[in-house]
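Open your viewer and load the model. This tour goes from the whole fold to single side chains, one selection at a time.

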Amino acid sequence: VKAAKEVTKATLSGAVVILGELHDAAVVLVSQVADSSADLTRYKYGDEAGDAADNVAEVTKGGVQTGLNVLTLGVKPLIATVAAHGTVDVMSTEEEKIENRKARRLQDLQNADSAVQMATTIAINNVQQTYNV
């Protein structure tokens, strides 16, 4: 059972990495197509049309990157986090769940200001002591 848990955890982690890489590859592909289209337009229709196509290519690349950023900041990590954490929790014992959740909270605090980290840690410890969690 423990080996199955480890395989499932590794599979989920790998799937999240692959999803991220596919999004990055899509940005590269769109950027290359936009630049190539601008180059072709310049070759076929001249510098003025080429300059306009370059501007359109930059707007296109910016739009794709913005879309990816919105996805990265919003839906994708939410789904990945919920799916991964939920699956890990379902396959874990109660003690493992407690440790997993504690590790996640600590990981979430890594980017926070040190004062926020300290206040959060104190609050968590107080809640755990009060409610025997």
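**The whole chain**

Show the cartoon: the protein has 5 helices and 0 strands. Helices here are DSSP runs of H or I with at least four residues, strands are runs of E with at least two, and both are numbered from the N terminus. Along the sequence the pattern reads α-α-α-α-α.

Before you click further, note that this is a predicted model: local features need pLDDT of at least 70, side-chain atom pairs count only at pLDDT 80 or more, and totals for chains, interfaces and linings use all residues. Residues are numbered from 1 along each chain as its sequence is written, and side-chain values use heavy atoms, with hydrogens and water left out.

Now turn on the surface. The accessible surface of the protein is about 9,700 Å² (Shrake-Rupley method, 1.4 Å probe; for residues, only the protein chains shown count as cover). Carbon and sulfur atoms hold 63% of that surface. Of the 133 residues, 14% are buried. Buried means under 20% relative accessible area, exposed means over 50%, and partly exposed lies in between (1.4 Å probe, protein chains only).

Contacts are heavy atoms within 4.5 Å. Among contacts with a separation of 6 or more, 48% join residues 24 or more positions apart.

**Select residues 2-45**

This is helix α1. How far apart are its end C-alpha atoms? They are 64 Å apart. The expected span is 1.5 Å times one less than the number of residues. For the 44 residues of α1 that gives 64 Å, which agrees.

Colour the buried residues of α1: K5, G20, V27, S31, A34 and A38. A general point helps when you look along a helix: with 3.6 residues a turn, residues three or four places apart point the same way.

Step past the end of α1 to G46. Its phi is positive, near 105 degrees.

**Select R42, D47, D51 and D54**

Show these side chains as sticks. The four are linked in a network of salt bridges. A salt bridge is a side-chain nitrogen of Lys or Arg within 4 Å of a carboxyl oxygen of Asp or Glu. In general, side chains of opposite charge can pair when their charged atoms come close.

Use these closest N and O distances as you click through:

- R42 to D47: 3.6 Å.
- R42 to D51: 3.1 Å.
- R42 to D54: 2.3 Å.

The R42 and D54 pair links distant parts of the chain, with R42 in helix α1, D54 in helix α2 (residues 47-73), and their positions 12 residues apart.

Which of these side chains are exposed, and which partly exposed? D47 is exposed, at 54% relative accessible area. R42 is partly exposed at 25%. D51 is partly exposed at 42%. D54 is partly exposed at 28%.

The whole structure holds 5 salt bridges.

**Select A57, then K61**

A57 is in helix α2. It is buried, with a relative accessible area of 3%. What does A57 touch, leaving aside residues up to four places away in sequence? It touches A34, D35 and A38. Draw a line from A57 to A38: the C-alpha atoms are 6.7 Å apart, while the residues are 19 apart in sequence.

Move on to K61, also in helix α2. K61 is buried at 17% relative accessible area. Not counting residues up to four places away in sequence, K61 touches S31, A34 and D35.

Finish by showing A34 with its two partners: A57 touches A34, and K61 touches A34.
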